[in-house]
Amino acid sequence: MQVNPLHPLFAAELVGADLTVRPNEQLVRTVEDAMALYGVLAIRDAEISDEQQIMFSRAFGPLEIPSRVPGAARPVGKRRITPEIFYAGNLDHDGEIVPYGSDPKSLAKGAERFHTDSSFHTMPTKWSLLHGVETPPPSVGGDTWFVDARAAYDDLSDAMKARIENLVGLHDFWEGRKLAGFKAEITPEMRLVIPFPTVKHSLVRTMPYGRKTIYVGGHCFGIEGMGAEEGLALVEELYAHATQEKYVYRHQWRQWDLVIWDNRCTMHAATPLLSDRYRRDMRRTTINESGPETSAYEWMGLADAA
Ligand code: OGA
Ligand code: MN
């Protein structure tokens, strides 16, 4: 196995790993060490099934089960795959291509703003693992961009570090969609369908290996105890700082890449597919630092909210 850096600050690829069998201690340690160092790790040639992706993911923490709209068996219109997996591709439930932007109710465009998965809930989020089962040619878009929020933290002035040290960010699923340019008005009915309330997370997080990082995600819209305008201005200042070119790694997908990112210390953004002729079949597992394998809805007591 070999780990090769992909960017001057963070992100690496792992070649020569066999993900078809239960991961041994050496593979688990290699991946944990690379993730602590690089924050993003693209495992190449992971030609594996959904079940093997789940088995591999579980070696690093309990799964976060995707939240279902209360009462529904699976997300509306989404590809029918195993309920442990979050579907992030452009195929509908029958495996046909959904033209980009054709669904006015689609929330997927929210992913085109830099965000961290799951910051809008209270589970102890760790990593996402996204599998490129079918990937378009690089020339038609569909790259995923990443930023290193640890490097961005390191470069803050001492005054800014002191200012934000003990602040708490406010995160909200629907406010995040608004920040991402979701045009439709957010109605009480929508809040009933996806019932996440506003949650709080420390603005500065310390990783288990000691590095500090900015946690603003894409769903962070304010700061506890600050006026709405002042809070949003600070969030946007940190967000603009962290998403500068120098902190960005652009991942061009190869088929069977399994890209792992640490949601605690990186942000990522989808980029649009420029052609509807290509299939992009992307399947995500999400893991937590600890806790039972459950959905955020169950964890937060929202499962029966509607
Ligand atoms: C995700 C996500 C981006 C992409 O799966 O969480 O943001 O490029 N995906 O598919
Ligand atoms: Mn995402």
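In this predicted model, an oxygen atom of ligand 1 is placed 3.2 Å from an N or O atom in the side chain of His 115. Two further side chains approach oxygen of the ligand in a comparable manner: a polar side-chain atom of Thr 144 lies 2.7 Å from an oxygen atom of ligand 1, and a polar side-chain atom of His 268 is found 3.1 Å from an oxygen atom of ligand 1. The protein covers 95% of the 290 Å² of accessible area that ligand 1 has on its own.

Besides His 115, Thr 144 and His 268, the surroundings of ligand 1 include Ala 88, Ala 111, Asp 117, Leu 130, Trp 261, Ala 270, Arg 280 and Arg 284. When the residues of this shell are sorted by character, five are nonpolar, three are polar and three are charged.

The largest nonpolar core comprises 28 residues, among which Leu 19, Val 31, Leu 41, Ile 43, Phe 56 and Ile 260 touch the most other members. Two or more residues of this core are given by each of the strands β2 (12–15), β3, β6 (125–134) and β14 (258–262), and likewise by the helices α1 (25–38) and α2 (50–58); the largest share, six residues, comes from α1.

As regards the confidence of the prediction, the chain has a mean pLDDT of 92, and 94% of its residues reach 70 or more. Confidence is highest in strand β3 (residues 40–43), at a mean of 99, whereas the lowest value, 86, is found in helix α6 (residues 188–193).

Terms used: Residues are numbered from 1 along each chain as its sequence is written. Chains are lettered from A and ligands numbered from 1 in the order in which they are written. This is a predicted model: local features need pLDDT of at least 70, side-chain atom pairs count only at pLDDT 80 or more; totals for chains, interfaces and linings use all residues. Side-chain values use heavy atoms; hydrogens and water are left out. A residue is near a molecule or strand if one of its heavy atoms lies within 4 Å of it. A polar contact is a pair of N or O atoms within 3.5 Å; within protein, one must be able to donate a hydrogen and the other to accept it, and residues adjacent in sequence count only if both atoms are side-chain atoms. Accessible areas come from the Shrake-Rupley method with a 1.4 Å probe; for residues, only the protein chains shown count as cover. Ala, Val, Leu, Ile, Met, Phe, Trp, Tyr, Cys and Pro count as nonpolar, Asp, Glu, Lys and Arg as charged, and the others, Gly among them, as polar. pLDDT is the predictor's confidence in each residue, from 0 to 100. Helices (H or I, at least four residues) and strands (E, at least two) are DSSP runs, numbered from the N terminus. A nonpolar core is a set of buried Ala, Val, Leu, Ile, Met, Phe, Trp, Tyr and Cys residues joined through side-chain atoms within 4.5 Å. Buried means under 20% relative accessible area, exposed over 50%, partly exposed in between (1.4 Å probe, protein chains only).
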